[in-house]
Amino acid sequence: MEHIASRRNTWFALSAALLIPCILALIIHGLNFGIDFTGGSAWEIRYTDSVDTEKIVAVFADNGLPNARVQQVGDASEHRYLIRTEEIREGSEEKKKITDALGTLGTLVPEDESLSTVGASVGTSIRNRSVLAVAAASVGILLYIAFAFRNTQRPFLYGIAAIIAMLHDALIVLGVFSILGWLFDVEVDALFITALLTIIGFSVHDTIVVFDRIRENLANRVASSFEEIVNYSIAQTLVRSVNTSLTVLITLAALYLFGGSSTKNFVLALLIGVVAGTYSSIFNASQILVAWETHEIQNAFNRIFRRKQSPSATTRAA
Amino acid sequence: MRTRNWWMLGFIVLLTLSSVWVVLPGTVLDIGGFKERHPIREGLDLQGGLQVLMEARPPDGGSVDKGTLDGTRDTLERRVNALGVSEPLIQTRGGNQIVVELPGVSNPEQAVAVLQQTAQLEVIDPAGYSLSAGMQVQTSLSQQREAQDAAAASPSPGASPAASPAATAAATAASSSEVGPVLGETAPTPTPESTANGPVFTTIISGTDLKNAYATTDQTGAWVVAFELQSGAADTFYNYTSQHIGQQIGFVLDGTVISAPVLRNAIGAQGQIDGMSATEAQNLALQLKAGALGVPLQVVSSQTVGPSLGRDSVDRSLLAGIIGLGAVALFMILYYRIPGVLAVLALLIYTSITLALYKLIPVTLTLPGIAGFILSIGMAVDANVLIFARLKEELRSGKTLARSIEAGFDHAWPSIRDSNISTMITCAILYWFGQFTGATIITGFALTLFVGVAVSLFTAITVTRTFLRVMVDWGMIRNPWWLGMGRLEMRAMAGD
């Protein structure tokens, strides 16, 4: 078995190489927030024949909505168009007028119409709740891990390592969607937050399986050093981690390829997250444990802050 | 041990059969209409329809209390029932919002208009007619309102918003002065003026005259609804009630009689309605309160989905689910052999139990919900993967088959438990998050994933384990190759 734990600096560097473009994209471009967060309307219509998107834009502009963006969605043969614009109320005069005007461009298929409208105030509250939900999930999981690993020497270390791995996965998914938003105008919606929270759950799920093995092997003293024990535990759980991810990836790939278009981005976020989650549980979370137990993290901090190595750190060595 | 395994196997078979029975569509073998009462609930994105999130905005800019909001919800429920929508969902959300989901509504514009009306509460003179709760009636006040709405709407649409508050006030004044002379007569009450749609009843007082209403108990401990009237209306009401003791009186909300008690004595500023259970009293108090306030509702977000758009998504997701399940089954059998076959069997049992629970709980199935379910299939397999990986290890360490199975399960359990609990924590938070976004889409996903994870714990531990035990008991698996051991590995162990 390859010695995974001793190459931890390589894995940390690889993660950093992945994270840096993600973080840069998030800082420079940010995310394209959809109407769930900003408020506004997303209106999907379908014609029996092809219609010039410019003409659709013109209809909205004529009705006092100059910022409408029109995009053809789905297969070109389906003639489906998605219009993103300011708030249009369902049941309003305005909507009726626009529908009539759109009807003059071609034959509309009313059974295939969908309109979702989100008020600006609702959007803001969803954005705040999203941040709160991610924070609450992190705290809940941290506490549970600390509880589950209460018999180890440093229960919170396991919790923190799992949370770092989880943030790593979340950042990668956020970064990829920032880049996708930059290049292909992909938006994030409330469903994306759902995907993000699921990824958090999955990432921790995977990490715990590895940690559980470390806990068991520590109790049985299967090897002399902590590093050896971690390495042994990873080797034992590697096949399982890969197999589990494979089964989840198989189902997600089926959903991505054959599922409806409305869940495509949602499934894509999950796909990226599952791969990142599997990687980080083996190559990040467990390695953080080793780096902490061997005082590499503490020493790195000391070097950064140019302090002398604290005496407590040396005496704590196992 | 042996008998226990058999009992477990029997239990599993029974559970599976009943799940399959619940899941199977159609009315075949439908005992007592049970299946008809538990259909699979499809979300808006699957069957099309309308979802609106409305916010109560009292005219004076104040806030609404919980009782009024609940009352407003009841009012909406009654109107939605009048629209004839099957399986509507109406829930209060937070302190001042109500979410309404109307699956399969074909005319969303009309539905929104109906929902946004302000509740209209009236107390009417039955004029000799016998009233009962649920009756649809026409009243003098509602007729005046309609006439005014029509008058306001036709010349200039711009005038209508300003006209409505003034109109209500005028109507109230008119009705009370109209009632006056009628009350003076002791002779039998005149028959109300009839229209093509039946009699028009005289409005004695309206919602704006009601100060408060609440459920309470009287001296004998029986439940009553107590109400208080504004001072001006109290006189009108006293005049009327003192003349009609022993007769019925009708409380009408949005044209539907909600209560028709008999007057026992004259009522002024305060009165009470008795002869009800606790729940009935609470409901009536809520209805009266909401009707009195007439809280205007503002649509803050809405979603309409065309019916065939949803149908298409269902078909695609179903196909994706079948392909996903098939691919996972193939992978499991190729990699884990006999345990793989057992795991796939356990997976099918898992699928039927989960789907049956969706029907029974009931869980509203949405597109992300289907995604959650398919994802949970992957996670259900994980528990089996963990157990089998452990089983192989125990075999390698030289344990017997039976002992390896037990040790494999015991050792795999802590990690299965811990990892699944962390997923459940996430589900709980997702559910909470979904509650605030006003979207059943997210709560649906959280609920399906939660149910899936919970059932997978059961199937992995109980079903797979029992299968393996029974097979060993039967002597069906003697050769560890069937459990995924390599031939070379086995030879090496035998050589030890």
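**Exercise 1. Find how far apart the C-alpha centres of domain 1 and domain 2 of chain A lie.**

Step 1: the C-alpha centres of these two domains of chain A are 41 Å apart. Step 2: domain 1 covers 5-34 + 121-315 and domain 2 covers 41-117, with bounds from an automatic or database domain assignment.

A word on the model before going on: it is predicted, local features need pLDDT of at least 70, side-chain atom pairs count only at pLDDT 80 or more, and totals for chains, interfaces and linings use all residues. Residues are numbered from 1 along each chain as its sequence is written, while chains are lettered from A and ligands numbered from 1 in the order in which they are written.

**Exercise 2. Trace the open sheet and work out which strands stand at its edges.**

Step 1: follow the eight strands in the order 2(A)-3(A)-1(A)-4(A)-14(B)-2(B)-4(B)-3(B), with antiparallel pairing. Strands (E, at least two residues) and helices (H or I, at least four) are DSSP runs numbered from the N terminus, and two strands pair if DSSP finds at least two bridges between them.

Step 2: strand 2 (69-73) of chain A and strand 3 (89-93) of chain B each have a single partner strand, so one side of each is left without a neighbour in the sheet.

Step 3: look where the chains meet. Strand 4 of chain A and strand 14 of chain B run antiparallel, joined by five bridges, and A:Val118 stands opposite B:Ser301.

Step 4: at the chain B edge, strand 3 pairs with strand 4 (residues 97-103) of chain B over five bridges; here B:Gln91 faces B:Val99.

**Exercise 3. Describe the side of chain B that touches chain A.**

Step 1: count the partners. In contact (C-beta atoms, placed from the backbone, within 7 Å) are 61 residues of chain B and 56 residues of chain A.

Step 2: helix 10 of chain B gives the most to this side of chain B, with 15 residues.

Step 3: sort by class. This side of chain B has 39 nonpolar, 17 polar and five charged residues, where Ala, Val, Leu, Ile, Met, Phe, Trp, Tyr, Cys and Pro count as nonpolar, Asp, Glu, Lys and Arg as charged, and the others, Gly among them, as polar.

**Exercise 4. Judge the confidence in chain A.**

Step 1: the mean pLDDT (the predictor's confidence in each residue, from 0 to 100) of chain A is 84, and 95% of its residues reach 70 or more.

Step 2: confidence in chain A is highest in helix 6 (residues 155-184), at 92, and lowest in helix 11 (residues 311-315), at a mean of 48.

Terms used. Two residues are in contact if their C-beta atoms, placed from the backbone, lie within 7 Å.
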